[in-house]
Amino acid sequence: MKRVFVCLTITLTVSAFAARAQTNTAESVSVSHFAPPSRTFFPHNWIRGYTDFSVAPSHNEPDLGRCMFPQPASAGGTASACTAYARYLYSGYIEFQPLGRTPGRHFFLFFEPKFSFGRNIPQLTYTSSMAPISYDRSIGVGFQLPRNFEIRATQHQVDWLGRYSKSLGTADLHTNGSYGLYATFAVRWSFGGYGRQGAPSEY
């Protein structure tokens with residue numbers, strides 16, 4: 001768990017520094033009336049995304065679908081081991097679009113991880129614990145189309161962390177995570193300029 005968390009933090013930090021360096025380089029170039037052609041490999045803003053850290057106040061914890069609610073009396077009440085109601089969410093989104101020319105410039109890869117932490121049971125126990133619960137991730141490939149449309153293929157999976165990798169008593173539903181394991185094909189339409197800032201492969 002610690003290794004995954006550290007790897008995610010390093011990846012997102014490096015991405016942020018790369019994006020800042022790209023922005024500083026672009027700002028140092030003199031302004032021209034004609035936009036310079038994109039580089040073939042690793043054009044301006046070829047890595048872009050965001051990170052997010054959220055805290056859920058008491059009585060508003062996200063339910064990750066692992067534990068029964070209400071829990072049966074046999075689960076032990078406040079001593080129940082099934083406490084998969086998150087207090088903290090650490091997530092991010094990264095897009096990689098390494099080609100700036102040829103039709104390949106319209107392809108991009110994306111990665112969307114989310115870590116959940118906490119130790120709570122609604123109406124019974126509310127804590128500030130940062131015990132690891134799950135690692136939820138989506139990865140995929142996309143292709144940009146005209147008029148701000150995209151085609152995306154996504155694969156989603158959830159890994160339970162720490163003690164959640166085993167059975168947690170009678171309150172445990174033994175699910176395979178929020179939304180479980182799935183794959184989708186989607187068409188996305190962005191409007192109002194959303195998602196287009198800095199993308200190297202506009203039509």
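# Exercises on a predicted protein model

Trp189 lies in strand β6. The model that contains this residue is predicted. The exercises below treat its strands, rings, charges and surface in turn.

**Exercise 1. Determine which elements make up the protein chain and in what order they follow.**

Solution.
Step 1. Count the elements: the protein chain holds 1 helix and 6 strands.
Step 2. Read along the sequence, where the pattern is α-β-β-β-β-β-β.
Step 3. Consider the interior: of the 203 residues in the protein chain, 36% are buried.

**Exercise 2. Establish how strand β4 pairs with β3 and with β5.**

Solution.
Step 1. Begin with β3 and β4, which pair in the antiparallel sense over 11 bridges. Lys114 has Asp136 in β4 as its bridge partner.
Step 2. Turn to β4 and β5, which also run antiparallel and are joined by 12 bridges. Here the bridge partner of Ser134 is Trp160 in β5.
Step 3. Examine the connection. β4 and β5 form a hairpin with 3 residues between them, and Arg147 in the turn has a positive phi of about 60°.

**Exercise 3. Classify the aromatic pair of Phe115 and Tyr135, and locate its two residues.**

Solution.
Step 1. A search of the whole structure yields 11 aromatic pairs. In the pair of Phe115 and Tyr135, the centres are 4.7 Å apart and the planes make an angle of 10°.
Step 2. Ring planes under 30 degrees apart count as stacked, so the pair of Phe115 and Tyr135, at 10°, is stacked.
Step 3. Locate the residues: Phe115 belongs to strand β3 (residues 107-117) and Tyr135 to strand β4 (residues 132-145), 20 residues apart. Both Phe115 and Tyr135 are buried.
Step 4. Note a further group of rings: Tyr50, Tyr93, Phe108 and Phe110 are linked by ring pairs into a cluster.

**Exercise 4. Describe the contacts of Arg66 with Asp172 and with Trp160.**

Solution.
Step 1. The side chains of Arg66 and Asp172 form a salt bridge, with 2.6 Å from N to O.
Step 2. This pair links distant parts of the chain: Arg66 is in the loop between β1 (47-55) and β2 (88-96), and Asp172 is in the loop between β5 and β6, 106 residues apart.
Step 3. Arg66 counts as buried because its relative accessibility is 4%. Asp172 is buried as well, with a relative accessible area of 4%.
Step 4. The charged end of Arg66 also sits over the ring of Trp160, 4.8 Å from its centre.

**Exercise 5. Decide whether Arg137 and Asp159, partners in a salt bridge, are buried or partly exposed.**

Solution.
Step 1. Arg137 and Asp159 meet through their side chains at 2.8 Å, N to O. Arg137 lies in strand β4 and Asp159 in strand β5, so the pair ties together parts that are 22 residues apart in sequence.
Step 2. Apply the cut-off: buried means under 20% relative accessible area. Arg137, at 18%, therefore counts as buried, whereas Asp159, at 28%, counts as partly exposed.

**Exercise 6. Identify the network of salt bridges that contains Arg152, and the ring beneath its charged end.**

Solution.
Step 1. Glu150 and Arg152 form a salt bridge of 2.9 Å, N to O, and both residues are buried.
Step 2. The network links Arg48, Glu95, Glu150 and Arg152.
Step 3. The charged end of Arg152 sits over the ring of Phe110, 4.6 Å from its centre.

**Exercise 7. Find the nonpolar surface patch that includes Trp189.**

Solution.
Step 1. The patch consists of Phe149, Ile151, Val187, Trp189 and Phe191, with about 550 Å² of accessible area together.
Step 2. Strands β5 (149-160) and β6 (182-189) each supply at least two of its residues.

Note on methods
Residues numbered from 1 in each chain as written. Predicted model: local features only at pLDDT ≥ 70, side-chain atom pairs only at ≥ 80, totals over all residues. Heavy atoms only, no water. Phe/Tyr/Trp six-rings, centres within 6.5 Å; stacked < 30°, edge-to-face > 60°. Helix = DSSP H or I, 4+ residues; strand = E, 2+ residues; numbered from the N terminus. Buried < 20%, exposed > 50% of the residue type's maximum accessible area, 1.4 Å probe, protein only. Lys NZ or Arg CZ within 6 Å of the ring centre and 35° of its normal. Patch = residues over 30% accessible without salt bridge, like charges linked within 9 Å, V, L, I, M, F, W, Y side chains within 5 Å. Areas by Shrake-Rupley, 256 points an atom, 1.4 Å probe, with all protein chains shown as cover. Salt bridge = Lys/Arg side-chain N within 4 Å of Asp/Glu carboxyl O. Pairing = 2+ DSSP bridges.
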